[in-house]
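Trainee: I am new to this structure and would like to go through its open and enclosed spaces. May I put my questions one at a time?

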Amino acid sequence: MTTPPHPPTPGTGLPPLAGGSHGPDALRPLVATVLDALAAGTAERQGRPLPAGGPDATAARVRAAATPVLPGEGAGAGEALTTLVQALAAGAADPAHPLCAAHLHTPPLALAVAADLAASALNQSLDSWDQAPAAAELEALVTHALALEVYPGTPPDATPDAVVTTGGTESNQLALLLARERHAPAGGRLQVVTGANTHHSLTRAAWLLGLPEPVTVPAPRGTLDPAALDDALSTLRGPVLVAATAGTTDTGAIDPLPAIADLCERHGAELHVDAAYGGPLLFSDRRAPLLDGLDRAQSVTLDLHKLGWQPVAAGLLAVPGTEMLAPLAHTADYLNADDDTDAGLPDLLGRSLRTTRRPDIIKIAVTLRALGRSGLGTLVDHLCDTAEELAEAIDKHPRLELHEHPTLTTVLFRPTGASDTTVATIRRTLLTEGTAVLGRARADGRLWLKTTLLNPHTTPDDLAALLTRVETLADTLVEGSTPR
Ligand SMILES: *Cc1c(COP(=O)(O)O)cnc(C)c1O
């Protein structure tokens, strides 16, 4: 049987589609339009990482461009793409700017974004094989390979596996769900134990899943205190899951995983490690030992839209054996009928709680292959080294105080002697100027400026300029005059 070209040749007056044999040709000029609009919008920011003028100025620019939202007669693809993409780029927080360094907000690699274009154009959906035949196989391959990075020592009969998520939040939720279901048959009520340094998504996940409020163990120096964990575990009865962190959001600290895993073993508790931030240390020969003990966890959260340079979203939850994902099994006759599965059609519904699901694995697979372990490890090492250089510059600086030397790529600092109010005002002044995006974190009872370095192109000179600007602002604010 021969099939006619699809969709039918252009000229019908209907908007062209991204797929099919005409898709690439229809896309090419539109992509060129998008790229031009990105360049024009970025130029409007005049070298700043944020639009100048704060929320009001940005809101005015967006409203002018985006109104009317639904015109009676359409403006056409060229006009709509140019106007809206340019406005969005003009008002964007640009993680590729060296001084956009507040959050775990990554500058995506160009190659990953190019791969993501293919994901959108092909629009495969990973809820059934007949919507994503190749993407399903690619996901199975890549998730297994990544899970093997986390669980390398598993015996040949074990099958480490990972599910793809929208990020650390969903991964942590799934980790708690799987732990709850492991104990459900025995009727046990799972108690989650977290550190005071744990990501807020774990508390929310416990709430969402109807679990008791997590027991919080102190983390006096930013990492979970094993002695306090020992005490807490001694008082608890019934099933317990300890959630440790490899790379905290506030300081990038890594909990003492081997000691925590020992305690879990001794007390019969299970372990989940949230390695959303620190997980990619696995790619660095030099720094992978910082994650020793990771493979003793029942589940591990990874987030490649942080130290993995993927556009959002690129989360994973890894487990040491694929059978641990069994609680996600689910049947909907139209997607994975038993006779289809028996006949050999892969059953995808049990690999997520979502139904329609984007193939985020495509950009991940392209990135892993393009850079290799050494390429990724080099990026991780380079950023950790840059963070250490920044810390040393702050430490040597006569008028700035360093919180501590970094483990990952987060550095906290503050002007010596400044009040918390001054620190908060410096941050907001930089945001309003649009000159730098710094975060904030509370540590040792004080407020600190937070830099989270994820941009491999950031140089020591960029960071020196940042320190100078902070110092100048601190002076002006302390003198009580308006910052220049
Ligand atoms: C970022 C982060 C999360 C949340 O991940 P999202 O991708 O934002 O959902 C969870 N835990 C840690 C430690 C994180 O750094």
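Trainee: Which residues lie nearest the centre of the second largest pocket?

Mentor: Please keep in mind that the model is predicted. The second largest pocket holds about 360 Å³ of space, and 18 residues line it. Those nearest its centre are N197, G222, D250, T251 and R442.

Trainee: From which domains does the lining of the second largest pocket draw at least three residues each?

Mentor: The domain assignment of the protein chain gives domain 1 (1-92), domain 2 (124-359) and domain 3 (373-479). The lining of the second largest pocket has four nonpolar, nine polar and five charged residues. At least three residues come from each of domain 2 and domain 3.

Trainee: How many residues of the lining of the largest pocket are nonpolar?

Mentor: The largest pocket has a volume of about 800 Å³. Of the 25 residues that line this pocket, V34, L35, L38, P108 and V113 are the closest to its centre. By class, the lining includes two polar and four charged residues, while the number of nonpolar ones is 19.

Trainee: Which helix gives the most to the lining of the largest pocket?

Mentor: At least two residues of that lining are supplied by each of α1 (23-44), α3 (77-90) and α4 (110-122). With six residues, the helix that gives the most is α1.

Trainee: What percentage of the accessible area of the ligand does the protein cover?

Mentor: Side chains provide several polar contacts to the ligand: a polar atom of T169 lies 2.6 Å from a ligand oxygen atom, and a polar side-chain atom of D303 lies 2.6 Å from an oxygen atom of the ligand. For H305, an N or O atom of the side chain is 2.7 Å from a ligand oxygen atom. On its own the ligand has 380 Å² of accessible area, and the share covered by the protein is 85%.

Trainee: Which helix supplies the largest share of the shell around the ligand?

Mentor: The ligand is surrounded by 13 residues, and the closest are T169, D274, D303, H305 and K306. By class, this shell has two nonpolar, eight polar and three charged residues. The largest share, three residues, comes from residues 168-183, that is, from helix α6.

Trainee: Which helix gives the most to the lining of the largest cavity?

Mentor: Rolling a probe the size of a water molecule over the atoms shows where empty space is left. By this approach there are four cavities of 30 Å³ or more, and the largest cavity holds about 70 Å³ of space. Its lining includes L146, E149 and V150, together with others such as F283 and L316. Three residues of the lining come from the helix that gives the most, α5.

Trainee: How many residues of the lining of the largest cavity are charged?

Mentor: The lining of the largest cavity divides by class into eight nonpolar residues, one polar residue and a charged group. The number in that charged group is one.

Trainee: How many residues of the lining of the second largest cavity are polar?

Mentor: About 50 Å³ of space lies in the second largest cavity. Among the residues that line this cavity are P95, P98, C100, H103, H105 and T452. The lining has seven nonpolar residues and no charged ones, and the number of polar residues is five.

Note on methods
Residues are numbered from 1 along each chain as its sequence is written. This is a predicted model: local features need pLDDT of at least 70, side-chain atom pairs count only at pLDDT 80 or more; totals for chains, interfaces and linings use all residues. Side-chain values use heavy atoms; hydrogens and water are left out. On a 1 Å grid over the protein atoms alone, a cavity is a set of points where a 1.4 Å probe fits but cannot get out, and a pocket is an open set with protein on both sides within 12 Å along at least five of seven lines; lining residues have an atom within 4 Å of a point. Grid points are joined across faces, edges and corners, and a volume is the space filled by probe spheres set on the points. Helices (H or I, at least four residues) and strands (E, at least two) are DSSP runs, numbered from the N terminus. Ala, Val, Leu, Ile, Met, Phe, Trp, Tyr, Cys and Pro count as nonpolar, Asp, Glu, Lys and Arg as charged, and the others, Gly among them, as polar. Domain bounds come from an automatic or database domain assignment. A residue is near a molecule or strand if one of its heavy atoms lies within 4 Å of it. A polar contact is a pair of N or O atoms within 3.5 Å; within protein, one must be able to donate a hydrogen and the other to accept it, and residues adjacent in sequence count only if both atoms are side-chain atoms. Accessible areas come from the Shrake-Rupley method with a 1.4 Å probe; for residues, only the protein chains shown count as cover.
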